[in-house]
Amino acid sequence: MRIIAWLAGIGTLLAGALYMIVSLNRWEWNRALFFGLIVLIAEVGLATGLVLRRLARLEYRTTRVDPAVANILRETRPPSADRFAWLREPSRDLNVFITFLVGGGVLLSGIAWVVDRVASKSSSPAGEERLGRQLDPISYPSGGLLLDDITVLAQEVPGANDDQIRQLLRRGGRP
Amino acid sequence: MKKLTPLRLLLGAIGLAVGIVGVLALREATLSTHEPVSAARETELVVSAKTKGGEQDQTLPEMVEAQLQTCRLEVTSDLAGPIESLGDGRFRAVFTPAMDETNQRQFRGCVEDWVIDHVSVNVIELANAT
């Protein structure tokens, strides 16, 4: 299958080049341009195929390493650097790590205390103010739900003809 | 790096020579070298044409006329009269003044080239006449 593809590419390249030269010789410029385009496409395809084949060979070579060589390299591998050896030193002396640890803890604690105090002073009033604004649409009207006597007498409200309701309304309307 | 042997050098020289000769031949074949035509007065053209997949309102005679009118712009000759239909997809046209050899090659190449879509024109006869 691969050989057929290579032969097809090479055949297309040669045929396209032949027809391009023939068309040029016959002063058929449009045909020459078309076959030149075919030649270019075949050339790019073949070049890409060659590059990919070379890359595949390189990859094949890198994957086939002699096990004996790999074993020798593994055994002679240098030890990894112990970058935290200083942590295992005797801690009788106050070295840099302890200094940084304690100092950093104190510093972070101080910053956290300041943040907490500032937040407690600023968030509660702001939250209460925001809650008050949110409760405002569902709050009772300033004058209460009951009408005053003048409004009751002036308007024909539902239930105004009931004696008990009129009595309640008059009471509610008093200041 | 492969070693240069005399055989390889010989093959390389032959390839280079073939390439140079080919390019020079192609240059000679596509170079315009005009010369006066004194013996002939006009050039007679007979073509066969066929169309495939063209628009419905496009006829073969007008396609051939468009092709010939386009190609006559590449040479120094012009149509001397209307294009005559000979039947069976064949057409005849006369151009004046007569074309020299380079113009004939150029005109033949243009007429047989892919100039207009859906029409293929082949030159049957292209010759000067007195």
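This passage walks through the fold of chain A and then a pair of strands in chain B, as seen in a predicted model.

Chain A is a good place to start, since its secondary structure is simple to list. It comprises six helices and zero strands, so reading from the N terminus gives the order α-α-α-α-α-α. Of the 175 residues in chain A, 6% are buried. Among the contacts in chain A with a separation of 6 or more, 41% join residues that are 24 or more positions apart.

One of these helices, H4(A), deserves a closer look. Helix H4 of chain A covers residues 96-135, which amounts to 40 residues. From the first C-alpha to the last, H4(A) reaches 56 Å, close to the 58 Å expected at 1.5 Å a residue. Along the way, H4(A) has a kink of about 25 degrees, and this kink is centred on Ala119(A). How many of the 40 residues of H4(A) are buried? The number is zero, so H4(A) lies largely in the open. To count as buried, a residue needs 20 or more other C-beta atoms within 10 Å of its own.

Chain B offers a view of strands. Here strand S3 (residues 84-87) and strand S4 (residues 90-96) of chain B pair in the antiparallel sense, with three bridges between them. Within this pairing, Glu84(B) has Arg92(B) in S4(B) as its bridge partner. S3(B) and S4(B) form a hairpin, with two residues between the strands. Asp88(B) sits in the turn and has a positive phi of about 60 degrees. As a general point, side chains in a regular strand alternate between the two faces of the sheet.

Conventions
Residues are numbered from 1 along each chain as its sequence is written. Chains are lettered from A and ligands numbered from 1 in the order in which they are written. This is a predicted model: local features need pLDDT of at least 70, side-chain atom pairs count only at pLDDT 80 or more; totals for chains, interfaces and linings use all residues. Helices (H or I, at least four residues) and strands (E, at least two) are DSSP runs, numbered from the N terminus. A residue is buried if 20 or more other C-beta atoms lie within 10 Å of its own, exposed if 12 or fewer, and partly exposed in between; C-beta atoms are placed from the backbone. Two residues are in contact if their C-beta atoms, placed from the backbone, lie within 7 Å. Two strands pair if DSSP finds at least two bridges between them. The expected span of a helix is 1.5 Å times one less than its number of residues. The bend at a residue is the angle between axes fitted to the seven residues ending there and the seven starting there.
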